[in-house]
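Biologist: Please give me a close look at one part of this structure, starting from its charged side-chain contacts and following them into the surrounding elements.

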Amino acid sequence: SVPPIGDLLSRTTRGKSVMVTGAGGSVGSELARQLLRQSPSRIVLFEHAEPALYDIEMEVRERIETGSADGPRPEIVAVLGSVLDAPLVAATLRKHRVETIYHAAAYKHVPIVEHNPSVGLMNNVFGTEVVARAAEAAGVERMVLISTDKAVRPTNVMGASKRLAELVLQARAASQSATVFTMVRFGNVLDS
């Protein structure tokens, strides 16, 4: 367990427009909750599953209304769409002047991805590429890929797809881009 460093996190979120992809998932929704404590100016919840997007949007709005969110009230924007939809991702980043992206959108359940490898690879690898390209083009300051410990010497398609997503970001980071590309690996957390 690694405790968060508040100053480090707030430097990329406080007063900024922040987007969370996969905002309705177990990791994305927790990131959205945590962001409320960091006083961003805007939180863009980007999610492809309508019920999950509705749930996290309602929860975040309720936390703001009841005052359980710290600091000034951020604008909440819910965007229904896939990270594979390059025009939508690009338009969302531009429209909402996103400065920081937490890219949590991924198919992560090993047995499901094993039975649906092409879909897992498309979403996890190419979705990351779409978001990274759009971030660079829109002048986003920082993109953080939420990866998995299963990307270390992967033994399954899901782990391999996340390792490839990491390589996509490493290649972008090596290209001397103005956008800072980083990643973090999570283990089995948040009831996932």
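**Charged pairs and a bent helix**

Modeller: Glu 59 forms a salt bridge with Arg 63, their closest N and O atoms lying 3.1 Å apart; the term stands for a side-chain nitrogen of Lys or Arg within 4 Å of a carboxyl oxygen of Asp or Glu. This is a predicted model, in which local features need pLDDT of at least 70 and side-chain atom pairs count only at pLDDT 80 or more, while totals for chains, interfaces and linings use all residues. Residues are numbered from 1 along each chain as its sequence is written, and side-chain values use heavy atoms, with hydrogens and water left out.

Both partners, Glu 59 and Arg 63, belong to helix H3, where four residues, about one turn of the helix, separate them. Helices (H or I, at least four residues) and strands (E, at least two) are DSSP runs numbered from the N terminus. Glu 59 is partly exposed, with a relative accessible area of 23%, and Arg 63 is likewise partly exposed at 29%; here buried means under 20% relative accessible area, exposed over 50%, and partly exposed in between, with a 1.4 Å probe and protein chains only. H3, which runs over residues 50–65, holds a further pair, since Arg 61 and Glu 57 also lie there, four residues apart. Their side chains meet in a salt bridge with an N to O distance of 3.0 Å. Of these two, Arg 61 is partly exposed at 32% relative accessible area, whereas Glu 57 counts as buried at 16%.

A comparable arrangement is found in helix H6, where Glu 129 and Arg 133 are four residues apart, about one turn of the helix. Salt bridges that share partners join Glu 30, Arg 33, Glu 59 and Arg 63 into one network. Within that network, Glu 30 is placed in helix H2 and counts as partly exposed at 24% relative accessibility. The C-alpha atom of Glu 30 is separated by 9.3 Å from that of Ile 56, although the two residues are 26 apart along the chain. Returning to H6, the side chains of Glu 129 and Arg 133 meet at 2.6 Å, N to O; Glu 129 counts as buried at 18%, whereas Arg 133 is exposed at 52%. A search of the whole structure finds 12 salt bridges.

H6 itself deserves attention. This helix covers residues 117–138, 22 residues in total, and reaches 31 Å from its first C-alpha to its last, close to the 32 Å expected at 1.5 Å a residue, where the expected span is 1.5 Å times one less than the number of residues. H6 nevertheless has a kink of about 30 degrees centred on Phe 126, the bend at a residue being the angle between axes fitted to the seven residues ending there and the seven starting there. After the helix comes Gly 139, whose phi is positive, near 75 degrees.

Phe 126 also takes part in a nonpolar surface patch of about 270 Å², together with Leu 84 and Met 122. Patches are made of residues with over 30% relative accessible area and no salt bridge, like charges being joined within 9 Å and nonpolar side chains (Val, Leu, Ile, Met, Phe, Trp, Tyr) within 5 Å; the areas come from the Shrake-Rupley method with a 1.4 Å probe, and for residues only the protein chains shown count as cover. Met 122 is found in H6 and is partly exposed, with a relative accessible area of 40%.

Other residues of H6 are buried, among them Gly 120, Asn 123, Val 125, Val 130, Val 131 and Ala 135. In the largest nonpolar core, which has 23 residues, Met 19, Val 89, Leu 93, Ile 101 and Met 143 touch the most other members; such a core is a set of buried Ala, Val, Leu, Ile, Met, Phe, Trp, Tyr and Cys residues joined through side-chain atoms within 4.5 Å. The elements giving two or more residues to this core are strands E2 (42–47), E3 (75–80) and E5 (142–148), together with helices H4 (86–95), H6 and H7 (157–174). H6 gives the most, with five residues.
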